[in-house]
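Biologist: I am new to reading protein structures. Please walk me through this one, and explain each term as we go.

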Amino acid sequence: MIKVMIYGANGKMAQVLSRQIELEKDMEIAVGIDRYNSDGKNKYPIYSDPYEYNGEVDVIIDFSHPSNLDQMLDFSIKRKIPLVIATTGLSEEQLKEIEDASKKTAILHSSNMSLGINILSRVLRNISKLLSEDFDIEIIEKHHNKKVDAPSGTAYLLANVINEVLDNSKEYTYGREGKNVKREKNEIGIHAIRGGTIAGEHTIIFAGDDEIIELKHTALSKSIFALGAIKAARFIVKSEEGLYTMDDIFCK
């Protein structure tokens, strides 16, 4: 039985994850970590400090906030517990911290845990170089009105996949406003929409002369991210020290 620690246990995404883990035969939640009192809504204990918990933990799944990263990495390394990081909004400095920590513990980090997004990433790797000379590239992402970071981590993930294929020759433009904002050839435009209860929608537009190619992924519920995180947890508990992505699960 894989014993899970959930970071950000009282958050909406972590609650979806909790309900999904209850259905899994090989996995159970040992403990949750959250800075806020849970008011007894969880079936497992909640601590504000992971070091207060002395029970067994096989893997940490993080759906919390970037402010928790330092504590979580420290705990993971000291207790030698593999880690799945699904939190978005991390800074470049924090991404470097994750990379450094992965030399001492197994970490899987992804801005999006769904199978569909990771397959879409593979498609983009295959077509971006073929289209980049003749097509302008724009990304539109839509999320619910409670999401605090913009653009989304997934929008960055998709933009970075394209840019890496193109030798990082593109610059990111976030929305457009003004009277002198003619599009430059080396841009990838990234646009964020917030409203209602949209779980997540990402559209990549390749716009050429007299033709348009659109690739789109729509998340109909948050459960797809929970299922992906569970797959990631099963993978990372068997992995050696190092930094992994969802590609290591879905696309190899």
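Modeller: Happy to! Let's begin with a term: a residue is buried when its relative accessible area is under 20%, exposed when over 50%, and partly exposed in between (1.4 Å probe, protein chains only). The model is predicted, and local features need pLDDT of at least 70, side-chain atom pairs count only at pLDDT 80 or more, while totals for chains, interfaces and linings use all residues. Residues are numbered from 1 along each chain as its sequence is written, and side-chain values use heavy atoms, leaving out hydrogens and water.

Biologist: Is Asn-168 buried or exposed?

Modeller: Asn-168 is found in the loop between H5 and S8; these labels are DSSP runs numbered from the N terminus, with helices (H or I) of at least four residues and strands (E) of at least two. Its relative accessibility is 54%, so Asn-168 counts as exposed.

Biologist: What is the phi of Asn-168 near?

Modeller: Most residues other than glycine have a negative phi. Asn-168 is not glycine, yet its phi is positive, near 55 degrees.

Biologist: Asp-210 also has a positive phi. What relative accessibility does Asp-210 have?

Modeller: Asp-210 sits in the loop between S10 and S11, and its phi is near 70 degrees. Asp-210 counts as exposed because its relative accessibility is 84%.

Biologist: Which peptide bond is cis, with omega near -10 degrees?

Modeller: Most peptide bonds are trans. To find this cis one, look in the loop between S7 and helix H5 (153–165), where Pro-151 lies. The cis bond runs from Ala-150 to Pro-151.

Biologist: At what angle do the axes of helix H2 and helix H3 cross?

Modeller: Two packed helices are described by the angle between their axes and the distance between the axes. Axes are lines fitted to C-alpha atoms, for helices over the stretch in contact, and angles run from 0 to 180 degrees between N-to-C directions. Here the axes of H2 (residues 69–79) and H3 (residues 92–101) come within 11 Å, and they cross at roughly 0 degrees. That makes H2, relative to H3, roughly parallel (angles under 35 degrees).

Biologist: Which residues in H3 meet H2?

Modeller: Contact means heavy atoms within 4.5 Å. From H2, Leu-69, Asp-70, Leu-73 and Ile-77 take part, and they meet Gln-94, Glu-97, Ile-98 and Ala-101.

Biologist: Which residue forms a salt bridge with Lys-78?

Modeller: A salt bridge is a side-chain nitrogen of Lys or Arg within 4 Å of a carboxyl oxygen of Asp or Glu. Lys-78 is exposed at 58% relative accessibility, while its partner is partly exposed at 30%. The two are 4 residues apart in helix H2, which means about one helical turn separates them. With closest N and O atoms 3.4 Å apart, the partner of Lys-78 is Asp-74.

Biologist: How many residues apart in sequence are the parts that Arg-183 and Asp-136 tie together?

Modeller: Arg-183 forms a salt bridge with Asp-136, the closest N and O atoms being 3.4 Å apart. Arg-183 lies in the loop between strand S8 (171–174) and strand S9 (187–194) and Asp-136 in strand S7, so the parts tied together are apart in sequence by 47 residues.

Biologist: Lys-216 forms a salt bridge too. In which strand is its partner Glu-201?

Modeller: The closest N and O atoms of Lys-216 and Glu-201 are 3.7 Å apart. The pair links distant parts of the chain, with Lys-216 in strand S11 (residues 211–219) and Glu-201, 15 residues apart from it, in strand S10.

Biologist: How many salt bridges are found in the whole structure?

Modeller: The pairs of Lys-78 with Asp-74, Arg-183 with Asp-136 and Lys-216 with Glu-201 are among them. A search of the whole structure gives 16.

Biologist: Glu-141 is in strand S7. With which side chain does the side chain of Glu-141 make a polar contact?

Modeller: A polar contact is a pair of N or O atoms within 3.5 Å; within protein, one must be able to donate a hydrogen and the other to accept it, and residues adjacent in sequence count only if both atoms are side-chain atoms. Glu-141 is buried, because its relative accessibility is 0%. Leaving aside neighbours within four places in sequence, the residues in contact with Glu-141 include Pro-151, His-191 and Glu-201. At 2.7 Å, its polar contact is with the side chain of Arg-194.

Technical notes:
Parallel < 35°, antiparallel > 145°, perpendicular 65-115°, else oblique.
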